[in-house]
Amino acid sequence: MKTLQKTILALSFAFTTTYTFAQTAYEKAMMPKVQTIEMPKPNPDDYTAQANDFARIGDKEKTLWQPYYYAAFSILKKGRTLMQQNQIAQLDEVAKEAQNYIDKAEALSPNNAEIYILKKMNHGLKMMVNPMERWQTEGQAAQNALNEAKKIDPENPRITIMEAEDLYFTPEQFGGSKTKGIELFKKALEQFKTYKIKSSLDPNWGQGEANYFIAQAK
């Protein structure tokens, strides 16, 4: 995990802007938080604090979807941390909190592939409470959300990251493959080379994760 943290930190600092003097108050409030959005936090509650910061900005701005997007993303990262710590019983409540922010973001930006990716992550989180029982409901809902994202933005590298995770972490007897997962992580890195985000505050995460898993495979 230290390698992943160092990789993400390097990418975060590399992702700087050249328009400092033209930044609005909103951009100045958001940019430092967005630049470090992928940084792992040892305490799950730190993600809650991060989400609250983004939510406050969203409540103030009222018309911009990105703050609520990052609030939801923060809570989803909290859920993934809890899952790694085997605190599965908390995941339903975490998913409910994430969904609240997802709904707010979607109300401001319908038909947004990035928001469908969050939906995919959130359904996946709920599925992990009981994978055998929830695969037919939450697992299918997660796949449906990813399919919708693909329709809107098929070259989005974060879609490929989601597909890579699914293959990498699914046991082979259920159709998974670490080798094929690594191939998709590599594909995502190629997509990042040409994918253009619409603004400096739009989601741009995923490269650190892809690099980490590729490095592990080596």
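1. Let's start with how α3 and α5 sit against each other in this predicted model. The two helices are roughly parallel: the angle between α3 (residues 44–61) and α5 (residues 91–108) is about 25°, which falls under the 35 degrees needed for that label. Their axes are 12 Å apart, and α3 passes α5 in a left-handed crossing.

2. Who makes that contact? From α3 it's Thr48, Ala51, Asn52, Ala55 and Asp59, and from α5 it's Glu97, Tyr101 and Lys104. Sorted by class, the α3 contact with α5 comes out as three nonpolar, two polar and three charged residues.

3. Overall architecture: the protein has 10 helices and zero strands, so don't go looking for a sheet. Read from the N terminus, the order of elements is simply α-α-α-α-α-α-α-α-α-α.4. On burial and contacts, 47% of the 218 residues in the protein are buried. Taking the contacts with a separation of 6 or more, 67% of them join residues 24 or more positions apart.

5. Gln66 deserves a look. It lies in helix α4 (residues 66–84), and is it buried or exposed? Gln66 counts as buried, because its relative accessibility is 9% and the cut-off is under 20%. Leaving out residues up to four places away in sequence, Gln66 touches Tyr26, Met30, Ser199, Leu201 and Asp202. Phe54 is 12 residues from Gln66 in sequence, and the C-alpha to C-alpha distance between Gln66 and Phe54 is 8.6 Å.

6. Gln191 is another glutamine to check, this one in helix α9 (residues 178–194). With a relative accessibility of 7%, Gln191 counts as buried too. Which residues does Gln191 touch, not counting those up to four places away in sequence? They are Pro154, Glu155, Asn156, Pro157 and Thr160.

7. Finally, confidence. The average pLDDT for the protein is 91, and 90% of the residues score at least 70. The stretch to flag is residues 11–21, where pLDDT stays under 50. The model does have 17 contacts beyond four places in sequence for residues 11–21, but they come with that pLDDT of under 50.

Definitions and conventions:
Residues are numbered from 1 along each chain as its sequence is written. This is a predicted model: local features need pLDDT of at least 70, side-chain atom pairs count only at pLDDT 80 or more; totals for chains, interfaces and linings use all residues. Side-chain values use heavy atoms; hydrogens and water are left out. Axes are lines fitted to C-alpha atoms, for helices over the stretch in contact, and angles run from 0 to 180 degrees between N-to-C directions. Helices (H or I, at least four residues) and strands (E, at least two) are DSSP runs, numbered from the N terminus. Angles under 35 degrees count as roughly parallel, over 145 as roughly antiparallel, 65 to 115 as roughly perpendicular and the rest as oblique. A crossing is left-handed if the near helix is turned anticlockwise from the far one by less than a right angle, and right-handed if clockwise. Contact means heavy atoms within 4.5 Å. Ala, Val, Leu, Ile, Met, Phe, Trp, Tyr, Cys and Pro count as nonpolar, Asp, Glu, Lys and Arg as charged, and the others, Gly among them, as polar. pLDDT is the predictor's confidence in each residue, from 0 to 100. Buried means under 20% relative accessible area, exposed over 50%, partly exposed in between (1.4 Å probe, protein chains only).
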